[in-house]
Amino acid sequence: MSFNLLQEIEKRRGENYRLHRKYLNAQLVRVLNTIGYDRFYERGEGAYLIDGEGDRYLDFLSGFGVFALGRNHPVVKKALADVLDADLPALVQFDCALLPGMLAEALLAKAPKSLDRCFFANSGTEAIEAAIKFARYATGRSRILYCEHAFHGLTYGSLSLNGAKEFRQGFEPLLPDCESIPFGDIDALARAIATGDVAAFFFEPIQGKGVNLPIDNYFTEAQRLCRQYGTLMVADEVQTGLGRTGKFFAFEHWGIEPDMIAIAKALSGGYVPVGAVLCRGMIFERVFHRMDRALVHGSTFGKNPLAMAAGLATLHVLEAENLIEHAARMGEAFTKALQPLTEKYECFYEVRGKGLMLGLEFRAPRSLKLKLGWTMLETAQKGLFSQLVTVPLFQRHRILTQVAGHNMNVIKLLPPLIITEKEVSAFVNAFEDVLADCHRYPGTIWDFSSTLVKQALKRA
């Protein structure tokens with residue numbers, strides 16, 4: 001009997017949430033039901049998701065940054081179809097396939113010249129795990145520094161470098177000798193690194209949780225300190241890399257040269273999981289220094305041909321469509337259009353970020369009426385006000401966004417790099433409409449706040 005996947009999908013249409021509730025994460029289903037995000041998407045097209053009713057949703061979440069090229073880009077689709085049609089001898093393991101070499105060459109051409117080796121994994125967290133191992137072996141040291149509020153992944157090694165307590169609680173003990181320092185505090189870094197026993201300093205050029213940027217000279221000074229004390233600098237570009245911030249790598253904004261770079265997400269083209277570590281040859285030479293250590297670290301599926309093809313196609317599209325320069329222009333347009341709203345609406349404090357990675361921060365209002373509503377929300381759970389913005393953006397304007405982290409009033413925007421002025425205007429108009437409602441207390445949007453408060457109190 002032949003297997004027809006599309007027919008099987010058609011038979012089960014509409015069972016999405018029932019199946020997830022029964023067999024997967026039932027708590028996620030509850031969250032989506034509570035905030036009204038429980039839609040049945042059937043197609044993806046560029047910057048949009050399309051549901052069974054034909055309604056189009058502007059996707060400013062992009063799968064946490066995966067869909068830099070938008071959804072279902074034809075160039076990536078064709079590359080994957082070509083690989084499948086070629087019947088390549090995939091994952092022989094005891095061979096040297098061509099595609100991984102081609103993708104490594106293409107990625108390293110985008111990196112600082114001091115980096116000349118590449119390791120492939122299946123995800124961002126695997127790339128971070130590899131970088132931890134490489135750093136410890138290459139330096140002979142065990143201490144790892146990371147920044148408060150950092151997010152580097154959720155497997156045990158990367159979780160050990162995770163600055164968000166809500167992800168760590170209940171999973172301890174984690175890796176030893178991993179220490180956090182305040183992000184952007186060069187004095188704290190200097191004190192921690194001066195002992196001379198730190199293997200590596202891991203950092204996100206722009207922190208994903210909160211969209212936090214450092215002071216201007218932070219990374220320059222951090223690089224000087226790392227060079228002085230023989231500590232490796234590891235840039236986590238899993239979300240910020242491949243054009244997201246208007247440059248191929250976000251660290252380029254500060255003119256530094258890390259010793260290792262972790263990438264993933266957008267490199268997939270939105271199809272096949274892939275991660276990579278780009279690093280100095282010296283690091284590889286120390287880790288893989290004898291023939292009997294040739295396989296001391298690896299990943300079974302890391303160099304699979306579908307992932308390699310998706311990566312090569314993604315790099316081609318970024319260049320052919322000038323998407324990195326486009327992201328920089330659209331980011332400037334976004335900031336220019338949103339900035340005046342910080343003067344007009346007292347709860348809207350700031351727009352920050354680079355390129356198409358933007359954070360919209362809210363702070364306590366001055367007027368008495370709004371203060372009452374704000375205090376009610378923040379007493380129940382810090383950060384609930386931002387949900388008063390994301391939910392109507394979705395339900396009323398069909399724009400999918402995310403809160404930038406737990407217990408913070410920041411919305412993060414990660415639209416596909418292909419968006420145009422049309423999508424920028426659509427978001428700004430919708431955002432102002434919601435902001436205006438949020439500044440009418442009491443009002444329809446504040447009615448929803450009682451649901452959020454009840455849920456927060458139940459969790460507490």
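In this predicted model, helix α14, which spans residues 323–344, packs with helix α17, residues 421–438, at an angle of about 15 degrees, and the axes of the two helices lie 10 Å apart. Since angles under 35 degrees count as roughly parallel, α14 and α17 are therefore roughly parallel to each other. The crossing that α14 and α17 make is right-handed.

The residues that form this contact can be listed from either side: α14 contributes M330, A333, F334, A337, L338, L341 and K344, and these meet E421, V424, F427, V428, F431, E432 and L435 in α17. Sorted by class, the contact of α14 with α17 comprises 11 nonpolar residues and three charged ones, with no polar residue taking part.

From this pair of helices the view can be widened to the protein that holds them, which has 18 helices and 15 strands. Along the principal axes, the C-alpha atoms of the protein fill a box of roughly 70 × 65 × 40 Å. For a compact globule of 460 residues one would expect a radius of gyration near 23 Å, and the protein has 23 Å, so the value agrees with that expectation.

Two further figures describe the protein as a whole, one for burial and one for contacts along the chain. Of its 460 residues, 52% count as buried. Among the contacts in the protein with a separation of 6 or more, 72% are accounted for by residues that stand 24 or more positions apart.

How values were computed
Residues are numbered from 1 along each chain as its sequence is written. This is a predicted model: local features need pLDDT of at least 70, side-chain atom pairs count only at pLDDT 80 or more; totals for chains, interfaces and linings use all residues. Side-chain values use heavy atoms; hydrogens and water are left out. Axes are lines fitted to C-alpha atoms, for helices over the stretch in contact, and angles run from 0 to 180 degrees between N-to-C directions. Helices (H or I, at least four residues) and strands (E, at least two) are DSSP runs, numbered from the N terminus. Angles under 35 degrees count as roughly parallel, over 145 as roughly antiparallel, 65 to 115 as roughly perpendicular and the rest as oblique. A crossing is left-handed if the near helix is turned anticlockwise from the far one by less than a right angle, and right-handed if clockwise. Contact means heavy atoms within 4.5 Å. Ala, Val, Leu, Ile, Met, Phe, Trp, Tyr, Cys and Pro count as nonpolar, Asp, Glu, Lys and Arg as charged, and the others, Gly among them, as polar. The radius of gyration is taken over C-alpha atoms; the globule rule is 2.2 Å times the number of residues to the power 0.38. Buried means under 20% relative accessible area, exposed over 50%, partly exposed in between (1.4 Å probe, protein chains only).
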